[in-house]
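The exercises below ask you to work through one model step by step, with the coordinates open beside the text. Try each task before reading its solution.

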Amino acid sequence: QVHLVESGGGLVQAGGSLRLSCVASGRTFNSYNMGWFRQAPGKEREFVSALTWSGRSTYYAYYADSVKGRFTISRDNAKNTVYLQMNSLKPEDTAVYYCAADQRLSGASSAQNPRDYDYWGQGTQVTVSS
């Protein structure tokens, strides 16, 4: 069982930045595939970014086209934490952001599919004003 807790959300003006954090419980964090998803009111949950483990210390990063070049995902295994640095924020980035984890993802399609993740955090609200 993995427990995930997100933090770092808030209200920011368009063009601003936020850094989301997600702390995970468990002793094998380094082998977990980690993802960020978001859900705006009235919309389905959508993929934002993922960092998948391919063995040893190798990870692959994936980004949704809508955030590519503005968001950066990273992790600190010593702190059991994954981050999402969000720059040049836009009003359309407004949503509840969720951290997710899974040990069995395989490939880009799986990393971007919320149904393939077993563990979820409670979410953190990000609001970008225009």
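**Exercise 1. The disulfide**

How many disulfides does a search of the whole structure find? Locate the cysteines concerned and describe their link.

*Solution.* Bear in mind throughout that this is a predicted model.

1. The search of the whole structure yields one disulfide, formed by Cys 22 and Cys 99, whose sulfur atoms lie 2.1 Å apart; this satisfies the cut-off, which asks for sulfur atoms within 2.5 Å.
2. The torsion about the S-S bond is -75 degrees, and the link of Cys 22 and Cys 99 is left-handed.
3. Since Cys 22 belongs to strand 3 and Cys 99 to strand 9, the pair ties together parts that are 77 residues apart in sequence.
4. Both partners, Cys 22 and Cys 99, are buried.

**Exercise 2. The four-stranded sheet**

In what order do the four strands of the open sheet follow one another, and which strands stand at its edges?

*Solution.*

1. The open sheet has the strand order 1-3-8-7, with antiparallel pairing.
2. Strand 1 (4-7) and strand 7 (71-76) each have a single partner strand and therefore stand at the edges, where one side of each is left without a neighbour in the sheet.
3. From one strand to the next, the twist averages 15 degrees.
4. Within the sheet, strand 3 (residues 18-24) and strand 8 (residues 81-86) run antiparallel and are joined by six bridges; to place the register, note that Leu 20 has Leu 84 in strand 8 as its bridge partner.

**Exercise 3. The nonpolar core**

How many residues does the largest nonpolar core have, and which element gives the most to this core?

*Solution.*

1. The largest nonpolar core has 36 residues, and those with the most contacts inside it include Leu 4, Trp 36, Phe 71, Leu 84 and Tyr 97.
2. Among the elements that give two or more residues to this core are strand 3, strand 7 and strand 8, together with strand 4 (33-39), strand 5 (46-53) and strand 11 (124-129).
3. Strand 9 gives the most, contributing five residues to this core.

**Exercise 4. Rings around Phe 37**

Compare the geometry of the pair of Phe 37 and Tyr 117 with that of the pair of Phe 37 and Trp 120, and find the cluster that ring pairs build.

*Solution.*

1. The count for the model comes to six aromatic pairs. One of them, Phe 37 and Tyr 117, is edge-to-face, at 5.1 Å centre to centre and with 80 degrees between the planes.
2. Phe 37 lies in strand 4, while Tyr 117 is found in the loop between helix 1 (107-111) and strand 10 (119-120), so this pair ties together parts that are 80 residues apart in sequence.
3. For Phe 37 and Trp 120, the ring centres are 5.2 Å apart and the planes stand at 55 degrees, which makes the pair tilted; here too distant parts of the chain are linked, with Phe 37 in strand 4 and Trp 120 in strand 10, 83 residues apart.
4. Phe 37 counts as buried at 0% relative accessibility, whereas Trp 120, at 26%, counts as partly exposed. Tyr 117 is buried, as Phe 37 is.
5. Ring pairs link Phe 37, Phe 47, Tyr 98, Tyr 117 and Trp 120 into a cluster.

**Exercise 5. Charges over rings**

Which ring does Arg 45 lie over, and which one lies under the charged end of Arg 75?

*Solution.*

1. Arg 45 lies over the face of Tyr 98, 3.8 Å from the ring centre, and Tyr 98 belongs to the ring cluster of the previous exercise.
2. The charged end of Arg 75 sits over the ring of Phe 29, at 4.5 Å from its centre.

Definitions and conventions. Residues numbered from 1 in each chain as written. Predicted model: local features only at pLDDT ≥ 70, side-chain atom pairs only at ≥ 80, totals over all residues. Heavy atoms only, no water. Pairing = 2+ DSSP bridges. Axes fitted to C-alpha atoms, helices over the stretch in contact; angles between N-to-C directions. Core = buried A, V, L, I, M, F, W, Y, C linked by side-chain atoms within 4.5 Å. Buried < 20%, exposed > 50% of the residue type's maximum accessible area, 1.4 Å probe, protein only. Phe/Tyr/Trp six-rings, centres within 6.5 Å; stacked < 30°, edge-to-face > 60°. Lys NZ or Arg CZ within 6 Å of the ring centre and 35° of its normal.
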